[in-house]
Structures are given as C-alpha cells and as structure tokens.
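Me: I'd like to walk through this protein with you, a bit at a time. Can I throw some questions at you?

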Amino acid sequence: MGTYARQNIVFARGEGAWLETSCGERYLDFGSGVAVNALGHAHPRLVAALTAQAGQLWHTSNLYRVAGQEKLAERLVEVTFADKVFFCNSGAEACEGAIKAARRYHFVSGNPERWRIVTCTGAFHGRTLTTLAAAGNAKYLEGFGPEAPGFDHVPFGDLEAIRAAVGPETAAVMLEPVQGEGGVHVGSADYLRGLRALCDEAGILLVLDEVQTGVGRSGKLFSHEWAGITPDIMAIAKGIGGGFPLGAVLATERAATGLTPGMHGSTFGGNPLATAVGYEVLDAVLEPGFLDEVQRKTLRLRQGLAQIQDQFPDLVSEVRGQGLLVGIKVKVAPAEVVASALSEKLLLVGAGDNVVRILPPLVVADDEIAEGIGRLARALTRLSQSDVSKSQS
Ligand code: PLP
C-alpha cells in the first residue's frame, strides 16, 4: 500500500554505522532505522544470538513458559524500577498495553471512573487507533472514524496545564520524556520531577513512553534517570530489539495488578527469537563503560553540530536533544536537508517542528562522527548554494 513516501534506494547489507546498496555504494547511517539499530547493523553478538536461537526454537506461543522471555524480563526488572514485564512486538503495542494497564489498575482498585489519560500535544505514541487518539495529532486521525475517547491533551513542558487537566476521572499522565517525532523536545528534569510529585498527590499513575529514548539512546539506560525519577508504567520498543521487532510494557507490582490472566495478550509477544536478541542488546548496553561512551560521543557530536550551527546560521537555528537523540532545527523544509544529506550518502531522519533528527547507532565511532559532521556540512553547503542560485535566477 502507498503508506510510505520512501527514498528510492535499497540497501543490501549493513555493518556497524554503515549501510551498503547492492551496487556497493556505502551510506553512513545516522538514522539507525529511526532509533532502532542501537548496536548498529549486523552486530556479531546479535547475529550469533539470533542464529543460535533460530537453530533451536522459533515460536511456541504464550500458552507455555518461554525461557528467553523470562531471562530478559528478569534482567529488565533487575536494572529498572519495574517488577513486571509484558512483551509485545512494537512501540504502538507497548503504548496500548501501558494505557490498558493504567486503566485496569484503577478499575481493580475500586475506581473504575478513573479511565482518562492526560497526554501532550506534539506527542507520538504509534499508529493504532487508540495511540493516535492519545497523541491527538489531527493530521493522522482524519478519516479514521470517531476518535477513541479518554485523552485530555495539554502542551508539552507545562506542569500547570497538566495539574489543571487532572480530575476525578484521570487514571494517568502519559508522555515521552523527550518528544522524538514531535521535534526532539526535551522535558526538563524539573518538569519530570514535578510530574512525579503531581501524580503521587493525585493518586494517578505516571506512564512514560520511552520507545524512542530508551535502552541507552539518552545516554542513560532510560531517559527518566536523568531526572532521578521513576514511572509507574513504561513502554519500550525500538532499541531493545536492536532491529528485531520487540516491545515491552514495564510496570511496578502495584501498577500491574489489573493485568491478570486473560486480560491482555499477544501471539508473538516475547517470541524466543526476539527475546534472545533483546537480551544481548540489553547486556551490551549494560556493560561497564558503554553508557559513559554514549555520553562522551554525545559531547563530540554536539561539538561538531555547534560548529555546523555557527557555520550555517541561515540554515540552522537550534541544536537540541538528549544523548544520541539530537535534533537540528532548520530554516528550510527538513526534507530538503534529508535529501541533500542523502546525496552526500548520509542518512538522517525528519521530525516535526522543522527538525532533522540525528540518531547514530550507540556504537558509532569517533571518526564516524567526524565523517558524519563533514558530510552534513557538505549537504548544507550544497543547500545554501542552491538557495543563492535560486535567489539570483
Ligand atoms: N512511541 C514513540 C515515542 C515513538 O517514537 C514511536 C515510533 O516512532 C512509537 C511509540 C510507535 O512505535 P512503533 O512504530 O514501533 O509502533
């Protein structure tokens, strides 16, 4: 179906931060499949884990215990706020599961009237009908029938707006600690701490969507760690699978009480192949020094981008982000920058609010960062020259 406006390019293989077409043209991947390939392409550990699992067992369904699922869940519980994990296959499913958990928690706690969820404008939680309603982006909702009810939208970053929106029917507040698709808007530590306190005072749950920010992308294992808070429920996907479809809902014991046997499920969720890969990704990101390296590389990338901003004030108005989730706000259409970068064999990703996202794999090397900055400078030079030629003609 014609759902994607794809670039006319086909990649045949990848290694680390590089992708190669069947003609042997090499591209530097600073998009990571939209924040997915945390360990880059064809990481030997992931290839080994997947192929070993492929020779043993692919699928049994959740009618039975799944060893790899239990192993990954135990590790997630060990290193996060969570006591319970539910596995699914994508970010949208993880957000749906998080919404269901939050509503059911109040239902089984004797407060069935608490089912509404406060969410933020500019958010992105996926493309299912409910996650679209959660984000409330009119452009994506049009023509799909009545909008799923139960979401109250407030501007991102405005604690008082959330306070005003919380009422006797509110079950939870749900948001991304850094809005990715919306244009790399970083929620401040004060905002997140304020939210945690507000949710506790109101007796409602804090649900974080860390689908894009999670698993090392922010420079911490999870972005909320920067604010020193923990959520009650968290949706993850993208990075945890390193390129294999995997999502999860993490929750405290209390917040998970509503999801009793039969109340939620997924045929493929927590499949042996996906969880074998997920465990290796998590284990690699948790290796001593890995996240320190992500933070060090973040600084290097930001230094390079600060120079780019100085060099191209007519094209770049701001650089912002957290960890290796960086946005450059541009003064032309982001698609023009993405296209110009593609001509320089550099892959970038567009976002809302006139932002171009830079999302290298977490394992990107220093010389690759320098190479990426060089290619971006050439792409912007090309754009500014075409602007000059346009204005002269
Ligand atoms: N939540 C966030 C924060 C995302 O960035 C995305 C995808 O971009 C999603 C949810 C949806 O994930 P998926 O496309 O895997 O359904």
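Reply: Sure, here are some questions and answers about this predicted model.

Me: Let's start with the ligand. How does the shell around the ligand divide into nonpolar, polar and charged residues?

Reply: The ligand is surrounded by S90, G91, A92, F124, H125, G126, E176, E181, D209, V211, Q212 and K238. Sort those residues by type, and the shell comes out as 3 nonpolar, 5 polar and 4 charged.

Me: Which residue has a side-chain N or O atom 2.7 Å from an oxygen atom of the ligand?

Reply: Let's go through some polar neighbours. With G91, a backbone N or O atom sits 2.8 Å from a ligand oxygen, and with F124, a polar backbone atom is 3.2 Å from a ligand nitrogen. Those two use the backbone, but you asked about a side chain, and that one belongs to Q212.

Me: And what percentage of the ligand's accessible area does the protein cover?

Reply: Taken on its own, the ligand has 390 Å² of accessible area. The share of that covered by the protein is 82%.

Me: On to the strands. Which residue of strand 2 stands opposite R13?

Reply: Strand 1 covers residues 11–15, and 4 bridges join it to strand 2 in an antiparallel arrangement. In the hairpin they form, there are 2 residues between the strands, and G16 has a positive phi near 60 degrees. Across from R13 you'll find E20.

Me: What is the bridge partner of L19 in strand 3?

Reply: Strand 3 spans residues 26–29 and pairs with strand 2 over 3 bridges, again in the antiparallel sense. This hairpin has 4 residues between the strands, with G24 at a positive phi near 90 degrees. The partner of L19 is Y27.

Me: Which residues of strand 2 point the other way from W18 and E20?

Reply: Strand 2 is made of residues 18–21, and all of them are buried. W18 and E20 share one direction, so to speak, and the other way point L19 and T21.

Me: Last stop, L380. Is L380 buried or exposed?

Reply: L380 has its place in helix 12, residues 366–392. Leaving out residues up to four places away in sequence, it touches I308, F312, L315, V316 and V337. Its relative accessible area is 0%, and buried means under 20%, so L380 is buried.

Me: How many Å separate the C-alpha atoms of L380 and G216?

Reply: Along the chain, L380 and G216 are 164 residues apart. In space, their C-alpha atoms are separated by 29 Å.

Note on methods: Residues numbered from 1 in each chain as written. Predicted model: local features only at pLDDT ≥ 70, side-chain atom pairs only at ≥ 80, totals over all residues. Heavy atoms only, no water. Near = heavy atom within 4 Å. Polar contact = N/O pair within 3.5 Å; in protein donor to acceptor, adjacent residues only side chain to side chain. Areas by Shrake-Rupley, 256 points an atom, 1.4 Å probe, with all protein chains shown as cover. Nonpolar A, V, L, I, M, F, W, Y, C, P; charged D, E, K, R; others polar. Buried < 20%, exposed > 50% of the residue type's maximum accessible area, 1.4 Å probe, protein only. Pairing = 2+ DSSP bridges. Contact = heavy atoms within 4.5 Å.
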